[in-house]
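Thanks, everyone, for making the time. I would like to go through a few contacts and one piece of the strand arrangement, so please keep the coordinates open while I talk.

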Amino acid sequence: MNDQVVDPARDTVFDLLVVGAGPTGLACAIEAQKAGFRVALVDKGCICNSIFDYPAHMTFFTTSELLEIGGIPFPSPNAKPTRNEALEYYRQVTAYYRLDVRQYHKVESITGADGDFIVHTTDRFGRHRDLKARKLALAIGYYDLPNWMGIPGETLSKVRHYYHDPHPYFGMDVAVIGGKNSAAIAALELWRHGARVTLIHRGAGMHPHVKYWIKPDIENRIKNGDVMAYFSSKVAEITPDTVVVDTPASREVLHNDFVFAMTGYHPDFTFLERLGVRFEGKDRCPACNSQTLESNVPGIYLAGVIVAGSRTNEIFIENGRFHGRQIAASLVSKIKPREETRDAVAAGDPID
């Protein structure tokens, strides 16, 4: 049986194919479409999959206007918008611009060259679909690749690298590994919803970059004994019912039901390397033109956090959202939009 899907539009050639449908990827598609180009996006998850994986009750650290894309206002009754408000906003923007988003399509490989790329994808049913494009923009983020600790037991089912909701952990012994914002937020929410929380961090205290309204909260909970904390300590092993912690004084074996390893995430360097993208320096910054965002591989643009390599704390939605304008400007200088696409965009009609 042939599992290759026969797509009626299989001969369609997109001017730009965007890999990644987060806020930056959506912004890239919008700006290219506004410039008259035929655009599609693919994502192995849903639209804004990383934001969907944020804690259910999360509030952004920034204001709503700094999350806006495509010139569409982001109304919010709150000083800082919530996760759910952001998801609603980006859905509405996607609908407004009638973006062609192929959700749940994992990119398996990319072949071809500048002007004639073929993106080989697999949908959620395991069927193969190929998409053709003249240019590519990679806005793949980094949130789906956690930093592993390299310790025994790290792959046990009780270990999570994402914190979503505190309810399932009521009355449980929960260890939170890390000392930055995500660890502090998880520890506080879990404690407030009835979990017995132990925080373990290799640093001497909570990271100084923890947000100013969160840091005193977690430090006071630790001081009061509400949250047990081991600083200057490392988890040596995780077992089905314990965590083993090396502290400055001794090795401690703690009863444990669940572990949240909030140890950070990293870009998919391997995927980029397979495409020929070159990395430079200890921070593994990809070779990329700072004006156009075109990588050392002709026709492949980079957008969002991956532009900064492993320095994942430098680019956020607030500044990555402007990368689409740079890429669209480069496209205008390199290729000519098809007349029928340009006319449809000008008329506000859907691009079929």
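The side chains of Asp-123 and Arg-129 meet in a salt bridge, with 3.3 Å from N to O, and I should say at once that this is a predicted model. Asp-123 also forms a salt bridge with Arg-127, where the closest N and O atoms are 2.9 Å apart. As for accessibility, Asp-123 has a relative value of 7% and therefore counts as buried, the cut-off being under 20%, whereas Arg-127, at 31%, is partly exposed.

These belong to a set of 19 salt bridges in the structure. Another of them joins Glu-219 to Lys-215, with the closest N and O atoms 2.7 Å apart, and both residues sit in helix H5, residues 215-223, four residues apart, which is about one turn of the helix. Glu-219 is partly exposed at 33% relative accessible area, and Lys-215 is partly exposed as well, at 22%. There is also a network of salt bridges that links Arg-192, Asp-217, Arg-221 and Asp-226.

Let me turn to the strands. How many of the seven residues of strand S1 are buried? Six are, so S1, which covers residues 13-19, is largely enclosed by the rest of the structure. S1 runs parallel to strand S6, residues 128-138, and six bridges join the two; here Val-19 has Leu-138 as its bridge partner. With strand S2, residues 39-42, S1 is also parallel, through four bridges, and Val-19 stands opposite Val-42. Between S1 and S2 the chain passes through helix H1, residues 23-34, in a β-α-β crossover that is right-handed.

Key. Residues are numbered from 1 along each chain as its sequence is written. This is a predicted model: local features need pLDDT of at least 70, side-chain atom pairs count only at pLDDT 80 or more; totals for chains, interfaces and linings use all residues. Side-chain values use heavy atoms; hydrogens and water are left out. Buried means under 20% relative accessible area, exposed over 50%, partly exposed in between (1.4 Å probe, protein chains only). Two strands pair if DSSP finds at least two bridges between them. A crossover is right-handed if, with the strands pointing away from the viewer, the path from the first strand over the helix to the second runs clockwise. A salt bridge is a side-chain nitrogen of Lys or Arg within 4 Å of a carboxyl oxygen of Asp or Glu.
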